[in-house]
Each structure stands twice: as C-alpha cells, then as structure tokens.
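Student: I would like a close look at one part of this protein, with its surroundings described in order. Please keep to what the model shows.

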Amino acid sequence: YQSFIAALDKEFDVFDLISFLRGRNIEAAISNVAIHTQPYYARKYRLKIRDFKNSLWAYRHCVALPFHTRMRRGDFVYIASALRDYAAGKRPRIKRR
C-alpha cells in the first residue's frame with residue numbers, strides 16, 4: 001500500500017476531513033506526526049510547539065489518502081466525490097475552541 005498525500009487549504013481541518021472520509025468508508029490518516037508535539041519528546045529534548053514550523057504545518061494540513069494497486073477507477077471517483085463534498089461544505093461543522 002501507498003499513500004497519496006494531499007495538502008489542505010487553511011480553511012479545512014485535517015482531523016475533520018479524516019473523520020468525514022472514514023464516515024464514508026475511506027481510510028485516511030495524518031500524513032506525518034510532528035514528533036516534537038509528542039509529550040515524551042517535547043519534555044526530553046525541551047522542544048517547543050513552534051520549533052519546527054514546517055513539520056507542524058504538515059501535521060496540521062496534510063492528509064494521506066488511499067493509493068494502491070487494487071484500487072479501481074470507481075474507487076478514485078468515489079474518493080474524489082467525497083473530497084468535493086467535503087470542500088463544498090456537505091459535512092458537519094466542527095466547533096472551534
């Protein structure tokens with residue numbers, strides 16, 4: 001299996017998108033984990049959330065979409081349709097903190 005990595009515009013929430021896609025039986029995930037945001041490493045190496053801005057940006061804005069040899073054209077069409085629905089606002093709104 002491989003992943004197709006997509007970067008989202010600022011207006012979209014990567015965690016909300018992943019939840020939305022999973023609700024449509026599309027396996028999606030965070031494309032990378034910004035290790036400096038993990039409590040163990042942050043404490044051990046005295047890292048601050050803004051120490052690695054590019055890694056933090058990728059963590060917050062990139063999603064890994066399914067991409068493998070068993071996918072058929074219909075799978076790609078289904079995923080693209082779900083992404084269009086999400087972008088068009090056909091999703092539950094998340095509450096901002």
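In which helix does Asp-85 lie? Please start from that residue and work outwards.

Tutor: Asp-85 lies in helix α4. Bear in mind throughout that the model is predicted.

The residue itself comes first. Asp-85 has a relative accessible area of 17%, and because the limit for buried is under 20%, Asp-85 counts as buried. Apart from neighbours within four places in sequence, the contacts of Asp-85 are Phe-20, Arg-24 and Lys-90. One of these, Phe-20, belongs to helix α1, which covers residues 14–23. Helix α4 covers residues 73–87.

The next step out is the packing of the two helices. Two packed helices are described by the angle between their axes and by the distance between those axes. For α1 and α4 the angle is about 130° and the axes are 11 Å apart. Because an angle of this kind falls outside the parallel, antiparallel and perpendicular ranges, α1 is classed as oblique to α4. The crossing of α1 and α4 is right-handed. On the α1 side, the contact is made by Asp-16, Leu-17, Phe-20 and Leu-21. On the α4 side, Ala-82, Leu-83, Asp-85 and Tyr-86 make it. Asp-85 is thus part of the contact between the helices.

Tyr-86 follows Asp-85 in that α4 list, and its ring deserves a look. The structure holds seven aromatic pairs. In one of them, Phe-12 and Tyr-86 are 5.7 Å apart, centre to centre, with 50° between the planes, and the pair is tilted. This pair joins distant parts of the chain: Phe-12 is in the loop between β1 and α1, Tyr-86 is in α4, and 74 residues separate them. Phe-12 counts as buried because its relative accessibility is 14%. Tyr-86 is buried as well, with a relative accessible area of 3%. The rings of Phe-20 and Tyr-86 also pair, with centres 5.3 Å apart and planes at 55°, so this pair is tilted. Here too distant parts of the chain are linked, since Phe-20 in α1 and Tyr-86 in α4 are 66 residues apart. Phe-20 and Tyr-86 are both buried. Phe-20 therefore touches Asp-85 and pairs with Tyr-86.

Phe-20 also leads into the nonpolar core. The largest such core has 16 residues, and those that touch the most other members are Leu-8, Leu-17, Phe-20, Leu-21, Ala-28, Val-63 and Leu-65. At least two residues of this core come from each of α1, β3 and α4. The most come from α1, which gives five. Leu-17, Phe-20 and Leu-21 appear in that core list and also in the α1 side of the helix contact.

Leu-65 extends the picture away from the two helices. Not counting residues up to four places away in sequence, Leu-65 touches Gln-2, Ser-3, Phe-4, Ala-6, Leu-21, Ala-28 and Leu-83. Among these, Leu-21 and Leu-83 take part in the contact between α1 and α4. Phe-4 forms one aromatic cluster with Phe-67 and Phe-76. Phe-4 is also 9.2 Å from His-68, C-alpha to C-alpha, although the two are 64 residues apart in sequence. His-68 is in the loop between β3 and α4, and at 27% relative accessibility His-68 counts as partly exposed.

Another helix, α3, spans residues 53–61, and its buried residues are Leu-56, Ala-58 and His-61. These pack against β1, α1 and β3.

Last comes the chain as a whole. The protein chain has four helices and three strands, in the order β-α-β-α-α-β-α from the N terminus. Buried residues account for 30% of its 97 residues. Of the contacts with a separation of 6 or more, 72% are between residues 24 or more positions apart. The two Tyr-86 pairs are cases of links between distant parts of the chain.

Notes: Residues numbered from 1 in each chain as written. Predicted model: local features only at pLDDT ≥ 70, side-chain atom pairs only at ≥ 80, totals over all residues. Heavy atoms only, no water. Buried < 20%, exposed > 50% of the residue type's maximum accessible area, 1.4 Å probe, protein only. Contact = heavy atoms within 4.5 Å. Phe/Tyr/Trp six-rings, centres within 6.5 Å; stacked < 30°, edge-to-face > 60°. Core = buried A, V, L, I, M, F, W, Y, C linked by side-chain atoms within 4.5 Å. Axes fitted to C-alpha atoms, helices over the stretch in contact; angles between N-to-C directions. Parallel < 35°, antiparallel > 145°, perpendicular 65-115°, else oblique. Left-handed = near helix turned anticlockwise from the far one by under 90°.
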